[in-house]
Amino acid sequence: MRVSGFTYMRNSFLYGYPVIQSIKSVLPVCDEFIAVVGRSTDGTREAIEAIGDPKIRIIDTEWDPKLTQGGKIFAQQANIGLKAVTGDWAFHIQSDEVIHEDDLPEIKQAMITHLDNRKVDGFLFRYLHFVGDYRHIGTTRRWHSREIRILRNDPSFFSYRDSQGFRKYTSEEAYASGAEKGVKLKVKPLNARVFHYSYCRNPYLLCGKVKKFHSYYNPNQASLEDFKEAESFDFHSVVDVLSPYIGSHPAVMKEVMAKQDWDFKYDASKGSFTPRHRMLYEIEKITGWRIGEYKNYKLVK
């Protein structure tokens with residue numbers, strides 16, 4: 001069995017992404033790792049090279065400003081990595097995601113067990129979304145609970161929408177033209193977790209990240225390159241309810257966490273719920289059932 005990891009990034013340090021920790025967290029189960037690096041000015045590429053692992057192969061890219069509508073640039077960059085892998089399995093990790101070392105044995109065993117089981121297209125991971133700091137997680141329907149992070153190396157598989165999971169298409173032409181919506185992949189759920197740190201970083205860097213991120217969806221903002229250092233992101237703007245997290249974090253995050261240079265005080269009174277989402281949240285708390293949750297996959301039992 002051969003496993004290929006892949007990711008994409010651009011100016012990760014400028015916006016506070018833990019990209020080096022992300023890559024290092026999956027290297028132990030990978031035979032190769034494809035880093036698709038958009039032209040950066042903050043030392044991102046140099047830092048990835050400095051990891052010094054011969055498994056890592058860098059592909060340099062230019063981000064096309066014409067692909068800002070709907071976040072298509074993210075899918076394009078993910079596909080560059082996906083089509084470059086040579087393994088049986090492709091392990092996708094994004095620059096704000098980190099895998100816990102305790103989960104690596106389960107992940108590796110699942111790939112071994114189902115290597116020849118063609119009924120399984122990939123594996124579904126559980127998500128922990130950290131918001132504000134390393135001690136609070138978002139657990140409501142505002143945050144996706146699971147997503148595909150390992151899939152077979154199959155030429156008919158492509159990144160879906162704005163790099164939200166993957167789907168199967170009859171041809172690259174059908175995918176590129178939008179003639180097909182694609183077929184959801186058949187996946188096995190794992191207990192393995194993705195530690196998602198998208199909203200857990202210095203609020204000044206995060207403000208810039210949010211602005212730049214939005215520019216990849218709205219072409220009218222595509223020229224936005226910088227942000228005012230005086231602006232600080234309001235974490236409560238993305239909060240309805242947060243829950244405490246008392247477990248351990250991936251070991252590779254130890255130094256990053258030690259350098260936390262901001263304070264976050266969760267104020268439950270600032271949570272924003274629509275009446276409908278409040279009702280659905282209360283039902284979920286009682287039953288564990290997230291009614292109407294969007295699922296870009298088909299579960300294999």
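The expected span of a helix is 1.5 Å times one less than its number of residues.

**Figure 1. Length of helix 8 in the predicted model.** Helix 8 covers residues 275-287, 13 residues in total. At 1.5 Å a residue the helix should span 18 Å, and its end C-alpha atoms lie 18 Å apart, which agrees.

**Figure 2. Buried and exposed faces of helix 8.** Leu280, Tyr281 and Glu284 are the buried residues shown in helix 8. Viewed down the helix axis, the buried residues fall within an arc of 105°, so they line one face of the helix. Pro275, Lys285 and Ile286 are exposed and sit on the face turned away from the buried side.

**Figure 3. Gly288, just after helix 8.** Gly288 follows helix 8 and adopts a positive phi of about 80°.

**Figure 4. Residues 221-228, with pLDDT under 50.** Throughout this segment pLDDT stays under 50, and the model gives residues 221-228 16 contacts beyond four places in sequence. For the protein chain, pLDDT averages 91, and 91% of the residues score at least 70.

**Figure 5. The protein chain as the setting of the close-ups, with eight helices and 14 strands.** The radius of gyration is 19 Å, close to the 19 Å that the globule rule gives for 301 residues, so the chain is as compact as a globular protein of that length. The C-alpha trace spans about 50 × 50 × 40 Å along its principal axes. Of the 301 residues, 50% count as buried. Among contacts with a separation of 6 or more, 78% are between residues 24 or more positions apart. The chain exposes about 14800 Å², of which carbon and sulfur atoms supply 52%.

Conventions: Residues are numbered from 1 along each chain as its sequence is written. This is a predicted model: local features need pLDDT of at least 70, side-chain atom pairs count only at pLDDT 80 or more; totals for chains, interfaces and linings use all residues. Side-chain values use heavy atoms; hydrogens and water are left out. Helices (H or I, at least four residues) and strands (E, at least two) are DSSP runs, numbered from the N terminus. Buried means under 20% relative accessible area, exposed over 50%, partly exposed in between (1.4 Å probe, protein chains only). The arc is that of the directions from the helix axis to the C-beta atoms. pLDDT is the predictor's confidence in each residue, from 0 to 100. Contact means heavy atoms within 4.5 Å. The radius of gyration is taken over C-alpha atoms; the globule rule is 2.2 Å times the number of residues to the power 0.38. Accessible areas come from the Shrake-Rupley method with a 1.4 Å probe; for residues, only the protein chains shown count as cover.
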